[in-house]
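Trainee: I've got a new two-chain model open and would like to talk it through. Let's put it on screen.

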Amino acid sequence: MSDTPVLIIEDRADIAARLVDAVGATDGVTLVGHAMTLDQGLNMLFDLRPRVVLVDIGLPDGSGIEAVRACVQADWPVDAMVVSIFGDETRVVEAIQAGAKGYILKGGGLDQIGEDILTVLEGGSPISPSIARHLLAIVKDGTVTTPEASPLTERETEILRAVARGYKRQEIAGQLGISAGTVGNHITNIYRKLEVGTNMEAVARASKIGVL
Amino acid sequence: MNGRLVRVSFGMMAWVFGLAVLIYLLDTGRIRPIPGAQMITELSICHTQDCSTVAPQHLPLFTPMAPNAGTQARYLRFEVAQPNARPNAPAELRALYLPKISDNIDLWVNGQLVFAHSPPRRLWNTPLLIPLPEATLQGETLQFDITLYGTPSEGLELQPFYYAPLRVLAPYQSWRHFWGPGLARFTLGLMIVLMAALLVIWSFRRGEREYLWLGLACATATGFLAHYGYGYSFGGYKLWTAFWLTCVSIYVLLILKFLQGFLQLPLRWPQITHAVALTGLGVVILFSPSGYAFSLSIWGNLLITVPSGFVVLIMLWLNRSLLTPLDFCVFFGCLSTALGLGIYEVCLLYTSAPSRTMHLFQLMPLVMSLACIWLILSRLIHSLHGYETLTASLNDTIELKSAELEESFAELAEVKRREAIAEERDRIMLDLHDGIGGQLVSTLAYMESNNTGDGKIRRALEDALRDLALMLDSMENHDSLVTLLGMLRTRLEGLLSEHGIAFDWQVHGEPVLPNPGPSQSLHLARIVQEAITNVIKHAGADTITIYVNEQEIRISDNGKGFDPEQQATCEHPANGIANMKRRSTSIGAEFNLTSDTTGTHISLFLK
């Protein structure tokens, strides 16, 4: 079985180097390209057809969200993950609603980055307490406007609440009597349900909630 | 409904006739003896003007009504003895007082004319006081000759009269004159003033025809009041008689229109019937002989006016709910009194020998106009009251709305303030995030990829990055302390695993700080962070238990513990715990630290 191709779109050379190192240090994934700008990244995305894209949001020629959308609309399976310094919910939620499958921390350890990539590939998505609380607020406020987005199930809400209280995936799995993988799948489903596509207004509104 | 109408109609008739009877029984202006005056009730009636043949005549004298034109006369003579008369001595001025005559007289005393009638003036409603010149009062016997003039159609009338000193008779005459023509003249003046006022009001408020009808009613009333007040006839007997009697009918028609407009009743047939009948009557009178003018006018108007008056009364009764009880009582009382006065007057005018001598019909327009003015004033007062209530209600509404507006302005200002704060916080966070955060991460990445820098610098940078993350988390999660603690856990997880320490995470409730806010949350996060850092550095533990409920946040470890009394020495820095205590005080939490060989427990109790 061949390694999963990964594309990195990051303008800061040091961070990019770190991400490259992390991908290189992780078994099962391989770097196929590194873009410094959004334009270059989009070109490489369609040329190289990677399975995973790690994209920074603040790129010099545009927002990394555009690359996330391009991944959603791509005709081959490709998961986008945003690269964040702190994993702060405002930007990450915006990216998740655009279709990102998760986020990785720039400052995280190399093995942590690799683990997060693999988690996404296995069907789970990383999530922080802050992001979970924010997603709960979005559902409660009814800012999810896509017709296909159904309300979260009771189990999904339960999981989000537990994450928001600081519990880890394994702990939640233990409390609910399910596997950690199932918890990850639930989180991926939640992300999918909260995806608003191109509804920028909803994204903007959702983004505001966290800071108000 | 019909049965009720019949009952109400009979009730009204009984009521009005009852009032007329009451007025009749009051017998106002009854002619009775005056102290100090000689009352003349017996005299002689002459068949010719020279009084060659006489017959005794008892007063009152009436002649039957006859449908003849022109004037008729009666010649009367009587004598008064003056037993104590002293020739050439100054006698007290004497007078003759005739309370009621119809229509006019010539008076001779001892053959000298002292009072002559002056056509067309008729004194049918005027009490006559004739001072007698001293020169005529000579001799022990005074001979008085009276020629009584009048119209055959209304008949002649001479009631008992008085001979006495002028000073004795003058007050009686004044009193009777006041209630008779005096009151009629007063009412006439009042009607003219009211008419002018009402028509002026109407000219400014054309939509409210009630003022017009009432003003015209006042104008019409002047017609018959002039007849009662002055006795002058203009345009000949026939026209004048038809005119003043028709004025009464027109007056009633206008009152009917006023009431209909005022009460906004849809019933129009009474006034149409009234107007048509009146026009017909006018035509009949114009083409009838002069001698029938009085009879036709009085009967015609009677037949038109009395039913209309009753219709007004019945309408008022049936629609009494449209008026306030007081308004109804005043108007109904006045209207029925006016009708009663009318019936009493007809008895006086159209009886050959009426048993009452005082005309009271001049009171009718006074009573009616006062009632109408009362209604208008009452409506004005109600309107003013309504206006005041409305104004008060509007003021209340304005106050309420102002208060609401003020409140919403305050809310708006608060929202704007919060927005401004949030915007500023966003900006600061963005600066921290992209600026310092980005540089710290880049520096760490550089050091890592180039393998430069020593461990101390690297740890310092990592601490700075964690501290920055803690600040950002405090700002973003100040409204949920468990989420903030969860973020703290996420940030420290890697550090803890490096040292082989695991979290035992126990969150049972959401604590709320006494004064929630980002800075308070940051204080709490720093306390917990300090406690965890101390465990990593000093405790030698492998588990940190975080227990949270609504009132308490507890950080425990299973390390070796320390002696809190000696913590200032050796490797436990005093300022770490002192800082935790200081921060606890500032967030309103009670700080509690216990430590023994099984571990250390730090509790924060929220008050």
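Mentor: One term before we start: helices and strands are DSSP runs, H or I over at least four residues for a helix and E over at least two for a strand, numbered from the N terminus. Also keep in mind that this is a predicted model.

Trainee: Okay, where is C51(B) placed?

Mentor: Its backbone catches the eye, as phi of C51(B) is near 60°, a positive value in a residue that isn't glycine. As for its place, C51(B) sits in the loop between β2 (42-46) and β3 of chain B.

Trainee: Is C51(B) buried or exposed?

Mentor: Buried means under 20% relative accessible area. C51(B) has a relative accessible area of 8%, so the verdict is buried.

Trainee: And R49(A), what does its relative accessibility make it count as?

Mentor: R49(A) also has a positive phi, about 45°, without being a glycine. It lies in the loop between α2 (38-48) and β3 (52-56) of chain A. The window from 20% to 50% is the one to check, and R49(A) comes in at 42%, so it counts as partly exposed.

Trainee: Which residue follows L59(B) across a cis peptide bond?

Mentor: Omega of that bond is near 5°. The residue you want lies in the loop between β3 (54-58) and β4 (61-62) of chain B, and it's P60(B).

Trainee: What is omega for the cis bond from S102(B) to D103(B)?

Mentor: D103(B) is found in the loop between β7 (101-102) and β8 (104-109) of chain B. The bond leading into D103(B) from S102(B) is cis, with omega near 0°.

Trainee: Over to the interface. How much area do chain B and chain A bury between them?

Mentor: Start with contacts: 37 residues of chain B touch 28 residues of chain A. Of the buried area, 51% is on carbon and sulfur atoms. The total is about 2,800 Å².

Trainee: Which three residues supply more of the area that chain B buries against chain A than any other three?

Mentor: Their joint share of chain B's part is 21%. The trio is H433(B), V441(B) and E476(B).

Trainee: What is the N to O distance in the salt bridge of E493(B) and K168(A)?

Mentor: The count between chain B and chain A is 2 salt bridges. The cut-off is 4 Å, and this pair of side chains meets at 3.7 Å.

Trainee: Which element gives the largest share of the side of chain B that touches chain A?

Mentor: Those giving two or more residues are α8 (363-450), α9 (455-476), α10 (481-498) and β14 (502-507) of chain B. The largest share is 15 residues, and it comes from α8(B).

Trainee: What kind of aromatic pair do F144(B) and Y163(B) form?

Mentor: Both residues are buried, with F144(B) in strand β11 and Y163(B) in strand β13 of chain B, 19 residues apart. The centres are 5.6 Å apart and the planes make 65°. Over 60 degrees is the cut-off, so that makes the pair edge-to-face.

Trainee: What angle lies between the planes of W175(B) and W179(B)?

Mentor: Both lie in helix α2 (residues 166-204) of chain B, about one turn apart. W175(B) is exposed at 57%, while W179(B) is partly exposed at 31%. The pair is edge-to-face, 5.8 Å centre to centre, and the angle is 80°.

How values were computed:
Residues numbered from 1 in each chain as written. Chains lettered and ligands numbered in written order. Predicted model: local features only at pLDDT ≥ 70, side-chain atom pairs only at ≥ 80, totals over all residues. Heavy atoms only, no water. Contact = heavy atoms within 4.5 Å. Buried area = accessible area lost by both parts, 1.4 Å probe. Phe/Tyr/Trp six-rings, centres within 6.5 Å; stacked < 30°, edge-to-face > 60°. Buried < 20%, exposed > 50% of the residue type's maximum accessible area, 1.4 Å probe, protein only.
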